[in-house]
Amino acid sequence: MARAIIVQFVKDHRNTTFEKLKEIFPDTIVPTYGVFAELSVAKKRSAEKQRYFIKPEQVIKLKDKTITVTNQWTSVYIAKFLIEAKKHGYRATSA
């Protein structure tokens, strides 16, 4: 869900930079791993246990970097993320 919202945000805001996206979805939402990380960082953190969506089709290209979203979501983290997403006009719906 969070990955899908970030993908849509990046599609809607094609000039999004890494720093700008960090302002919108700060690391404090998922304190240990951040909402997303640069691909190289995510691969290092996932060496022993996968902590990010790092398959080639799951990475997200920003204006200045390639990122990937964490897969370490709890109900508390999702709630925090959805609050931030809603501030920017994005929401999750059930199918």
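Where is the place of Y90 in the chain? Y90 sits in the segment that follows α4 (75-87). We'll come back to that residue after a look at the whole model.

A quick word on what you're looking at: this is a predicted model, in which local features need pLDDT of at least 70, side-chain atom pairs count only at pLDDT 80 or more, and totals for chains, interfaces and linings use all residues. Residues are numbered from 1 along each chain as its sequence is written, and side-chain values use heavy atoms, with hydrogens and water left out.

Start with the fold. The protein chain has four helices and three strands, where helices (H or I, at least four residues) and strands (E, at least two) are DSSP runs numbered from the N terminus. Read from the N terminus, the order is α-α-β-α-β-β-α. The C-alpha trace spans about 35 × 30 × 25 Å along its principal axes. The radius of gyration of the protein chain is 12 Å, and this agrees with a compact globule because 95 residues packed that way would give a value near 12 Å. That radius is taken over C-alpha atoms, and the globule rule is 2.2 Å times the number of residues to the power 0.38.

Now for what is inside and what is outside. Of the 95 residues, 38% count as buried; buried means under 20% relative accessible area, exposed means over 50%, and partly exposed is in between (1.4 Å probe, protein chains only). The protein chain exposes about 5900 Å², with carbon and sulfur atoms supplying 51% of that. These areas come from the Shrake-Rupley method with a 1.4 Å probe, and for residues only the protein chains shown count as cover. As for charge, there are 18 positive and 9 negative side chains, and the centres of the two sets lie 4 Å apart. Here Lys and Arg count as positive and Asp and Glu as negative, while His and the chain ends are not counted; each charge is placed at NZ of Lys, CZ of Arg, CG of Asp or CD of Glu.

Contacts tell you how the sequence folds back on itself. Contact means heavy atoms within 4.5 Å, and among contacts between residues at least 6 apart in sequence, 59% join residues at least 24 apart.

Back to Y90, then. Y90 counts as buried because its relative accessible area is 11%. Its C-alpha is 9.3 Å from that of I6, although the two are 84 residues apart along the chain. Setting aside neighbours within four places in sequence, Y90 is in contact with I5, Q8, F9, D12, H13 and A85. With D12 there is also a polar contact, side chain to side chain, at 2.7 Å. A polar contact is a pair of N or O atoms within 3.5 Å; within protein, one must be able to donate a hydrogen and the other to accept it, and residues adjacent in sequence count only if both atoms are side-chain atoms.

H13 turns up again at T16, which lies in the loop between α1 (2-12) and α2 (18-24). A polar atom of the T16 side chain lies 2.5 Å from the backbone oxygen of H13. T16 is buried, since its relative accessibility is 6%. Not counting residues up to four places away, T16 touches F9, L21, L62, K63 and D64.

Follow that list to L21, in helix α2. L21 counts as buried because its relative accessibility is 0%. Beyond its neighbours within four places, L21 is in contact with I6, F9, V10, T16, F36, L62 and I67.

I67 also leads on to A37, in strand β1 (residues 36-38). Residues touching A37, not counting those up to four places away, are F18, A42, R45, Y52, T66, I67 and T68. A37 is buried, as its relative accessible area is 5%.

T68 brings us to Q58, in the loop between α3 (39-45) and β2 (60-61). Leaving out neighbours within four places, Q58 is in contact with R3, F53 and T68. A polar atom of its side chain lies 3.4 Å from the backbone nitrogen of I54. Q58 is buried, with a relative accessible area of 17%.

For a contrast, try V41 in helix α3. V41 is partly exposed, because its relative accessible area is 30%.
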